[in-house]
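Morning, everyone. Let me walk you through one structure, starting with a single chain and ending with the charged pairs.

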Amino acid sequence: MVQIDIPAAFISSMLFLDVGRTVVKREAKEAGEKRPAAYYRFLFRSVFFAGAVIAPAGIYLLAGWPGWEQIYWTERVENVIFHWVNAMLPALFVLAIVLGAYFGHVLGYYWLTTGREKLIRPTYLTLLVAVSVLVLVNYPSFTLMGTYQQYHHDPQAMTPVWENPYDFVLGWVLVMVYFTAAFVYLLVKTIKEA
Amino acid sequence: MLAIDVPIAVLSGLVLAEGGEKLIKSGDDDKRLFLRVFALMYAAIFIAPITVYFFLGWPAWEVNYMWEWVDDILDKPHRAGFAFVLLACAVVPTFLGLELGGYLIRKGKEKWVRIGYIAMLVLTGLIILALYDMTFNVFSTHEKYRAGESYSFWTFPFVAGWAITAAYFWGSLIVFYLWLKKRS
């Protein structure tokens, strides 16, 4: 979901830094005023995860099921074809994901190297909870498959997602497997590095 | 158009390599890592969104009317999966361009980097010329393409979207090339 994907990029960046804090702090101390290699290694990891995993997964769901992917907050993403303004929304979505990863990294690194590392974990955990609450308060939007108009005017016409309309669940599961596998791989890599 | 998105992405990688020539020549792995991160971010921020914009806004035009299925990806998981290919077409060629440029610079063949990106520019021009009608006559769908019902590329609002994305991409490439040169 759009509401999850953008914060997820930010959260992932901070999480990677949190897990790899030992090596980041050590290399930052050794590098002195300069940025250490760890800064760029972790940035690459975060941006790669955002650009190669979160963004494609997000665009996949936004292109295939635009209403559900943004839990029916706007009808604009259902009308992107031949619409020069609306078509910018998916593009801005990709941009926001990557920038979210970048800012999560920059802020996390700044906190880590200026004695404010205690802020990192509460920040990303709080954001994770906030995003989860945001989605949950929009119940039952994420359980229904349909259009913006249907959700807001005729929800009875919508299909519950567990009935796997249009093979949505199959697609979603595959995307989540990809996301999870990539995340676990990068997390384990970071743990080993630390 | 996807047909030119790939050579343009390679061109971007080569231009960034030339911009960071001194970083590459330094032999410092940290500096090369910086350049790789920079290229990845550049592709993800300045190339990938444009590809997504045109593919979701004008899917038939974006793929030069090669495939009809692009007009109908709603509720179709196997078609929507093309999103992965789309983003890969923006990021992977940029990276390849950067690595190729880096390789040429390390081998002392700097001039080939410039020759390379000029060649990509010429290739892009040739592709546009070869697909002139398809490029400058926009057919909303594949069905309209078959029926010959088009509107001009220069028609608002299509041209407005194109102008904004073109300025966004080319402007950023020039700015970051100069920034890399200065930083080097």
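**Chain A, the contact with chain B, and salt bridges**

Start with how chain A holds together: among its contacts with a separation of 6 or more, 72% are between residues 24 or more positions apart. Keep in mind that this is a predicted model.

Now the layout. Chain A has eight helices and two strands. Along the sequence, the order is α-α-α-α-α-α-β-α-β-α. Its C-alpha atoms fill a box of roughly 60 × 35 × 25 Å along the principal axes. The chain has 194 residues, and 51% of them count as buried. Its accessible surface is about 9100 Å². Carbon and sulfur atoms hold 66% of that surface.

Next, the contact between the chains. How much area do chain A and chain B bury between them? About 3200 Å², with 83% of it on carbon and sulfur atoms. Chain A puts in 36 residues, and chain B puts in 38. On the chain A side, A:Tyr40, A:Phe82 and A:Trp84 lose the most area to chain B. Together they make up 23% of what that side buries.

What about charge and polarity there? The rule finds zero salt bridges across this interface. It does find five residue pairs in polar contact, both residues at pLDDT 80 or more. Which elements of chain A give two or more residues to that side? They are helix H3 (37-64), helix H5 (88-113) and helix H8 (168-193). H3(A) gives the largest share, 15 residues.

On to a surface feature of chain A. There is a nonpolar patch made of A:Trp73, A:Val129, A:Val133, A:Leu134 and A:Val137. Together these residues have about 460 Å² of accessible area. Take A:Val133 as one of them. It is found in helix H6, residues 120-136. Is A:Val133 buried or partly exposed? Partly exposed, because its relative accessible area is 43%, and that class runs between 20% and 50%.

A:Trp73, from that patch, also has a polar partner. Its side chain makes a polar contact of 3.1 Å with the side chain of A:Asn138. A:Asn138 lies in the loop between H6 and strand S1 (144-145). Set aside its neighbours within four places in sequence, and A:Asn138 is in contact with A:Ile71, A:Trp73 and A:Tyr151.

Stay with helix H6 for a moment. A:Thr126 is found there too. A:Thr126 is exposed, because its relative accessible area is 52% and the cut-off is over 50%. Its side chain reaches the backbone oxygen of A:Pro122 at 2.5 Å. As a distance marker, take A:Thr126 and A:Leu174, which are 48 residues apart along the chain. Their C-alpha atoms are separated by 28 Å.

Last topic: salt bridges. How many does the structure hold over all chains? The count is 16.

One of them joins the side chains of A:Arg45 and A:Glu193, at 2.6 Å from N to O. This pair links distant parts of the chain, 148 residues apart. A:Arg45 is in helix H3, and A:Glu193 is in helix H8. The two ends fall into different classes. A:Arg45 is buried, because its relative accessible area of 6% is under 20%. A:Glu193, at 23%, counts as partly exposed.

Over in chain B, the side chains of B:Glu110 and B:Lys25 meet at 2.8 Å, N to O. They too link distant parts of their chain, 85 residues apart. B:Glu110 is in helix H7 (residues 110-130), and B:Lys25 is in helix H2 (residues 21-25). B:Glu110 is partly exposed at 23%, and B:Lys25 is partly exposed at 45%.

Another chain B pair is B:Arg79 with B:Asp72. Their closest N and O atoms are 3.7 Å apart. Why does that still qualify as a salt bridge? Because the cut-off is within 4 Å. B:Arg79 counts as partly exposed at 23%, and B:Asp72 counts as partly exposed at 34%.

Finally, back to chain A for a cluster. Salt bridges that share partners join A:Asp18, A:Arg21, A:Lys25, A:Glu117 and A:Arg121 into one network. That's my last slide.

Definitions and conventions:
Residues are numbered from 1 along each chain as its sequence is written. Chains are lettered from A and ligands numbered from 1 in the order in which they are written. This is a predicted model: local features need pLDDT of at least 70, side-chain atom pairs count only at pLDDT 80 or more; totals for chains, interfaces and linings use all residues. Side-chain values use heavy atoms; hydrogens and water are left out. Patches are made of residues with over 30% relative accessible area and no salt bridge: like charges are joined within 9 Å, nonpolar side chains (Val, Leu, Ile, Met, Phe, Trp, Tyr) within 5 Å. Accessible areas come from the Shrake-Rupley method with a 1.4 Å probe; for residues, only the protein chains shown count as cover. Helices (H or I, at least four residues) and strands (E, at least two) are DSSP runs, numbered from the N terminus. Buried means under 20% relative accessible area, exposed over 50%, partly exposed in between (1.4 Å probe, protein chains only). Contact means heavy atoms within 4.5 Å. Buried area is the accessible area (1.4 Å probe) that two parts lose on being put together, summed over both. A polar contact is a pair of N or O atoms within 3.5 Å; within protein, one must be able to donate a hydrogen and the other to accept it, and residues adjacent in sequence count only if both atoms are side-chain atoms.
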